[in-house]
Every structure is written in structure tokens, then in C-alpha cells.
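Ready for some practice in reading a protein model? Work through the exercises below with the structure in view, and try each task before you read its solution.

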Amino acid sequence: MIDLHCHLLPGVDDGARDMEEALALAQLAVEQGITHSVLTPHIHLRHYPNTLESLTPHFHRFKKALAQRAIPLQVALGAEVRMAPELLLGEAWKGLPKLGSTEQGRPVLLLEMPYSHVPAGTAQLLRWLSSQGVQPVVAHPERNREIIAHPSLALTLKGTGAWLQGTLSALGGSFGVEIKRVAWELLDKGAYHYLASDAHRIDKRSTRVEHVLQMLTEGLGFEQTQVLTQDRPWAIVASRF
Ligand SMILES: [Fe+2]
């Protein structure tokens, strides 16, 4: 599996708390069949005011620690950016870490909405980003309360040209039956462009993905599971490794 959403980079957000936890998550990822991970720390003005510049030294330290422990997880630096106009509008989006690029060379940007609702203007913001040559990805729509109540809203966001990324643990039921139902509904409708772990910590929301991959293989078949967890993510990040 190629994982395009995880919070392994230690000490920069609500993910891994220190280097030991980050390395344990990386080791577990490898054991679970994850070969490549794009590290996506939160960028959120109020809570996590990270920038490409501030994250880069942390990334190099983590990469070095992986090599020292001989953990064969290939990593690249990205970010999960709060969908806030002040982080994106004008030229602001240009300085943000991207996941990779589309086959047409459009930079791919992972975006996060608040959990409580879909803010007014979200579709417009996604369309504007597309018009700037960006390929936006909306992280885990299945966990947004307004989308849980009206799953078709996720399809409206997809209709702007944005990609949707589902979370494996949501499909596995870790966030409860309601979110699981919405996640499977979106999956069945073909709404997700790819799936990722969104791993945070070793004791909860970890890189343990094997059981959900197994569940998907049984539900969707091997080929479709590969498309969602290997082929499409790899097409976005291949040039970075
Ligand atoms: Fe995340």
C-alpha cells in the first residue's frame, strides 16, 4: 500500500508524540504492507501553524532516524491543510507542501474541512483552486457531520473536480457505525479517488491497516482494492521517490 495521509512526523501536530512513537508507527506500517508514506502534518493557522520551512528539518531528522533503525519505509513530506481562505487564496497555496502531482502535472494538495459542517463557500474555493491548476483532495469527508447527515454533499464537492480521500479505519468501523455506513456508501458510489490510513498514534488510529485491507478485498475484490490503495496513490507520488 502507498499511504498518502498520516501523521507520523513527530512533535509537529496531534500525531506521533516523539521519535520513538514515530518509529514504532513506521515499523508497524512496514509490517502491515505499507511501502511508501507521504507524511501529512496539519497546517492550521490557530492550532498547528506549520510551514514547509518549519517542517523540513523535522522531516530530515525522521528520515535519518528511519535509516539508522533500518526501517525500510520510504517517506516524503506533504501536509494536510485546513481549508481556510487565508491559507489558500492569492498566491498562498503555492508555498504549501503538496502530495505529488497528477498525470497532467497539476500539483495535488490535501485539504481538511472542519468536522462540524461544510463551510459556506467550500465548493467555490475548490473550484477556484482547480482554476489555478491545483488538484485538491478533500480528506475524510465521511467524518464531516453535515456529510454524515447528507452524504450527497460529498458528491457535490467531488463535482467541483476535487478528489475525495476515504480513511481505512472509518471503513473498518473505528469511528462508529454511522461513519462506517457513510464511508461504505461513498465507497460503493465510487466517490473516493483513493484511501489512506490517516494514522496518528500507536495506541489509537495507528498504521494497523491489514484487517481493513482484507475486508476491502473481500467486499470490493483484489483489483479494486489495489486501485484505491496502491495504483492511484502511486500515480500521484511516483515522481517523488
Ligand atoms: Fe489527518
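What covers the buried residues of α4? The cover includes α3 (85–88), β7 (107–112), β8 (135–139) and α6 (152–158). Keep in mind that this is a predicted model.

**Exercise 1. Find the buried side of helix α4.**

Solution.
- Step 1: List the buried residues of α4, which spans residues 122–131: Thr-122, Ala-123, Leu-125, Leu-126, Leu-129 and Ser-130.
- Step 2: These residues lie on the same side of α4, because the arc they cover around the axis is only 165°.
- Step 3: Recall the general rule: an α-helix has 3.6 residues a turn, so residues three or four places apart point the same way.
- Step 4: Now turn to the face directed away from the buried side, where the exposed residues Gln-124 and Ser-131 sit.

**Exercise 2. Decide whether Ser-130 is buried or exposed, and list its contacts.**

Solution.
- Step 1: Ser-130 has 19% relative accessibility.
- Step 2: Buried means under 20%, so Ser-130 counts as buried.
- Step 3: Setting aside neighbours within four places in sequence, Ser-130 touches Arg-106, Pro-136 and Thr-160.

**Exercise 3. Describe the site of the iron ion.**

Solution.
- Step 1: Name the protein donors: His-5 (NE2), His-7 (NE2), Glu-80 (OE) and Asp-198 (OD), at 2.0 to 2.3 Å from the ion.
- Step 2: Check the angles: the four donor atoms subtend 80 to 167°, so the arrangement is irregular.
- Step 3: Place two donors: His-5 belongs to strand β1 and Glu-80 to strand β5, so this pair ties together parts 75 residues apart in sequence.
- Step 4: Both His-5 and Glu-80 are buried.

Note on methods:
Residues numbered from 1 in each chain as written. Predicted model: local features only at pLDDT ≥ 70, side-chain atom pairs only at ≥ 80, totals over all residues. Heavy atoms only, no water. Buried < 20%, exposed > 50% of the residue type's maximum accessible area, 1.4 Å probe, protein only. Helix = DSSP H or I, 4+ residues; strand = E, 2+ residues; numbered from the N terminus. Arc of directions from axis to C-beta. Contact = heavy atoms within 4.5 Å. Donors = N, O, S within 2.8 Å, 3.2 Å for Na, K, Ca; no water. Tetrahedral: all angles 85-135°; square planar, octahedral: opposite > 155°, others 65-115°.
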